[in-house]
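User: Hi, I have a structure open and I'd like to talk it through. Can we start with one residue and work outwards?

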Amino acid sequence: MARFLLAWELGDGLGHASRFRPLAQGLRAHGHEVDLMLREIVHARSVLGDLGLRLLQAPFWMHQTVGGPNPTISLTEILVGNGYLQPDHLDGLVQGWLAALDLIRPDVLVADYAPTATIAARIKGIPVATVGGGFYLPPDASPLPPFRTWEPIEPGRVAYWEQRVTQTVNTVLARHGVPAVPRLSTILRGEQALLCCWPELDPYQRHDQRHTLPTASDHIDAGLGPTFLNEGGEAPIWPDGDGPCVFAYVRSTHGDLLPLLQALDQAGCRTLCYLPEVAAGRPAPLASPRIRYAGRPVDLAQALPQASLLISHAGEATLAQALLAGVPMLLLPTQAEQFLNAQRVVQLGAGLNAAAHGQPAPYAQLLQTLLHTASYRAAAQAMAHRYRDFRPDSLNQTLTAACESLLNGH
């Protein structure tokens, strides 16, 4: 029996915590002890709280960085804004993780977007497995590739910040008597990098198009497939009528929410909408007999097969489930990772990216196109057919075995 520490440090949303749930269950089923250190431990209880595990607060940068690039165009520049600009700042974060490792004494660290935890584990000699989607787990390359490729990039910018941040990391490692890392990707990949995405959705497009599922023995950058929770949520109840069923999983903070709902209503769609803010008690932005607001998260395994269209902010787990169900999508990204996800769906021909259609987006036109053009559903169904043998349970067995392999020095 061994002890595993599952750590999440950077990034918003509960996708990181959700990825840990089946992995923690798999490791415990094999007799191991599991602890979790999470960037966010309050809302994470909704997906992890019933496991009976210790949920600990992860150290992370809580300050405003002055002198960093804006907007960020790469993971390197994201690190700049999260304590990696100055060695003293980074060392303070590393010391926090070192103290946690001394208390928990894990045999293996499993990191989901947790580079500072990985640095601390390197200092302690603890092997690291990294898990993550394509955005958070980059190619093993130097410099790390930019993701904001839809805008011009100043010559020398990528190389400058790569050198600056790598120097910060190696200065901290030297203070602790540990050899330098050869490139920055090392702290984002660890000894065992487990890329959880399909080639078609990889934002860095590092893959050849592969139509078979790789195993743990394959090279990591082949991709193992997406992780998502395939359980829970309330059963879908659609509004009455004969219009197409549309499922919308959106946030009230999106500036175009009201125009979008009005366009859905005017198009005669029967919309089932999960707005977390409305579920928590905020008044609905638009009252209509054709729009029903779910009181809890909806079971996508039931809702998507009944839907003619999915509307979301392009989170990777939601995209994967929609594609497995063969459902076309209208996507409303609010940040760079989501925009990249949306563009990959557009390239597949399985949806439209509202953010690429100007402001305000022509929602009535976009809805008509998606609902009445057969090619979008055909493209989504082609992905569903391609990955018809994909099973989340099998993927989790692969991830569990790969993490356990580090106990044997592999």
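User: Leaving aside its neighbours within four places in sequence, which residues is Tyr274 in contact with?
Analyst: This is a predicted model. In it, Tyr274 touches Phe247, Ala248, Tyr249 and Val250. Beyond those, Tyr274 is in contact with Ala279, Ala294, Arg296 and Pro297.

User: Where is Tyr274 found?
Analyst: Tyr274 is in strand 8.

User: And is Tyr274 buried or exposed?
Analyst: Buried. Its relative accessible area is 12%, and the cut-off for buried is under 20%.

User: Pro297 was on that contact list. How far apart are the C-alpha atoms of Tyr274 and Pro297?
Analyst: They are separated by 6.5 Å. Along the chain, the two residues are 23 apart.

User: OK, rings now. How many aromatic pairs does the structure hold?
Analyst: There are 8. One of them joins Trp198 and Tyr387. Their ring centres are 4.4 Å apart and their planes meet at 15°.

User: Why is that pair of Trp198 and Tyr387 called stacked?
Analyst: Because the planes are at 15°, and planes under 30 degrees apart count as stacked.

User: Which parts of the chain does that pair tie together?
Analyst: Two loops. Trp198 sits in the one between strand 6 (192–195) and strand 7 (245–249). Tyr387 sits in the one between helix 14 (374–386) and helix 15 (392–405). So the pair links parts that are 189 residues apart in sequence.

User: Are Trp198 and Tyr387 buried or exposed?
Analyst: Trp198 is buried at 2% relative accessible area. Tyr387 is buried too, at 4%.

User: Back to Tyr274. How are the rings of Tyr249 and Tyr274 placed?
Analyst: Their centres are 5.5 Å apart. The planes are at 40°, so this pair counts as tilted.

User: And which strands hold Tyr249 and Tyr274?
Analyst: Tyr249 lies in strand 7, and Tyr274 in strand 8 (residues 270–274). The pair therefore ties together parts that are 25 residues apart in sequence.

User: What about cover for Tyr249?
Analyst: Tyr249 is partly exposed, with 33% relative accessibility. Its partner Tyr274 is buried.

User: Which residues do ring pairs link into a cluster?
Analyst: Tyr113, Phe135, Tyr136 and Phe147.

User: Tell me about the backbone at Tyr113. What is its phi?
Analyst: Near 55°, which is positive, and Tyr113 is not a glycine. Most residues other than glycine have a negative phi.

User: Where is Tyr113, and is it buried or exposed?
Analyst: Tyr113 is in the loop between strand 4 and helix 5 (115–124). At 8% relative accessibility, Tyr113 is buried.

User: How does Arg105 look, phi first?
Analyst: Phi of Arg105 is near 55° as well. Arg105 lies in the loop between helix 4 (87–104) and strand 4 (108–112). It is exposed, at 63% relative accessibility.

User: New topic. Where are the cis peptide bonds at Pro71 and Pro360?
Analyst: One runs from Asn70 to Pro71, with omega near 0°. Another runs from Gln359 to Pro360, with omega near -5°. Most peptide bonds are trans.

User: Which loops hold those prolines, Pro71 and Pro360?
Analyst: Pro71 is in the loop between strand 3 (54–57) and helix 3 (75–84). Pro360 is in the loop between strand 12 (351–353) and helix 13 (363–372).

User: Now Arg21. Is it buried or exposed?
Analyst: Buried, with a relative accessible area of 9%. Arg21 lies in helix 1 (residues 15–29). Its C-alpha atom is 7.2 Å from that of Val47, 26 residues away along the chain.

User: Let's zoom out. How many helices and strands does the chain have?
Analyst: It has 15 helices and 12 strands.

User: What does the radius of gyration tell us?
Analyst: The chain has 22 Å. A compact globule of 410 residues would have a value near 22 Å, so the two agree.

User: What share of the residues is buried?
Analyst: Buried residues make up 56% of the 410.

User: Last one. How far apart are the mean positions of the positive and negative charges?
Analyst: They are 1 Å apart, for 29 positive and 35 negative charges.

Definitions and conventions:
Residues are numbered from 1 along each chain as its sequence is written. This is a predicted model: local features need pLDDT of at least 70, side-chain atom pairs count only at pLDDT 80 or more; totals for chains, interfaces and linings use all residues. Side-chain values use heavy atoms; hydrogens and water are left out. Helices (H or I, at least four residues) and strands (E, at least two) are DSSP runs, numbered from the N terminus. The radius of gyration is taken over C-alpha atoms; the globule rule is 2.2 Å times the number of residues to the power 0.38. Buried means under 20% relative accessible area, exposed over 50%, partly exposed in between (1.4 Å probe, protein chains only). Lys and Arg count as positive and Asp and Glu as negative; His and the chain ends are not counted. The place of a charge is taken as NZ of Lys, CZ of Arg, CG of Asp or CD of Glu. Rings of Phe, Tyr and Trp (its six-membered ring) pair if their centres lie within 6.5 Å; planes under 30 degrees apart count as stacked, over 60 as edge-to-face and the rest as tilted. Contact means heavy atoms within 4.5 Å.
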